[in-house]
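Biologist: I would like a close look at a single part of this model. Please start with the whole chain, then zoom in.

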Amino acid sequence: MKISARNQFKGKIVGIQEGAVNGIVKIDIGGGNVMSATISMNAIRELGLEVGKEAYAIVKATSVMVGVDH
C-alpha cells in the first residue's frame, strides 16, 4: 500500500463498536497508545476488520486543535 499521508501507525485492532451506520475501530499502536476512528459499517465489512487483526491508523489533517484543562 502506498499513500501520501505521512502519519501512519501500524497496530492491532483491539475493539470494534458497531452502530447502525458507523462503527468505532480502536487500534493499539503500542506504547500504551490506542487510536480510534469512526468509519462506516460498510468500510468495516469491506476491509474485513476484526479484533486481533493488524491494521493501520492513518492521519491526514489540515489542522490540529490543542486544548488544556482549566
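Biologist: What percentage of the contacts in the protein with a separation of 6 or more comes from residues 24 or more positions apart? After that, please take me to strand β4, residues 54-59.

Modeller: The figure is 44%. A contact here means heavy atoms within 4.5 Å. Two notes on method come next. This is a predicted model, where local features need pLDDT of at least 70, side-chain atom pairs count only at pLDDT 80 or more, and totals for chains, interfaces and linings use all residues. Residues are numbered from 1 along each chain as its sequence is written, and side-chain values use heavy atoms, with hydrogens and water left out.

Now the layout. The protein has 1 helix and 4 strands. Their order from the N terminus is β-β-β-α-β. Both kinds of element are DSSP runs numbered from the N terminus: helices are H or I with at least four residues, strands are E with at least two. The C-alpha atoms fill a box of roughly 40 × 30 × 25 Å along the principal axes. Of the 70 residues, 17% are buried. Buried means under 20% relative accessible area, exposed means over 50%, and partly exposed lies in between (1.4 Å probe, protein chains only).

Now to strand β4. Begin with Glu54. Its side chain meets that of Lys10 in a salt bridge, at 3.4 Å from N to O. Glu54 lies in strand β4 and Lys10 in strand β1 (residues 7-18), so the pair ties together parts 44 residues apart in sequence. A salt bridge needs a side-chain nitrogen of Lys or Arg within 4 Å of a carboxyl oxygen of Asp or Glu. Side chains of opposite charge can pair when their charged atoms come close. By this rule, the count is 1 salt bridge. How open are the partners? Glu54 counts as exposed, at 57% relative accessibility. Lys10 is partly exposed, at 47%.

Next comes Tyr56, also in strand β4. Tyr56 counts as partly exposed because its relative accessibility is 41%. Together with Met1, Ile3 and Ile58, Tyr56 makes a nonpolar surface patch of about 400 Å². Patch residues have over 30% relative accessible area and no salt bridge; nonpolar side chains (Val, Leu, Ile, Met, Phe, Trp, Tyr) are joined within 5 Å, like charges within 9 Å.

For contrast, look at Gly23 in strand β2 (residues 22-30). Gly23 is buried, with a relative accessible area of 2%. Beyond its neighbours within four places in sequence, Gly23 contacts several residues, including Gln17, Ala37 and Met41. The C-alpha atoms of Gly23 and Met41 are separated by 5.6 Å, though the two are 18 residues apart along the chain.

Notes
Areas by Shrake-Rupley, 256 points an atom, 1.4 Å probe, with all protein chains shown as cover.
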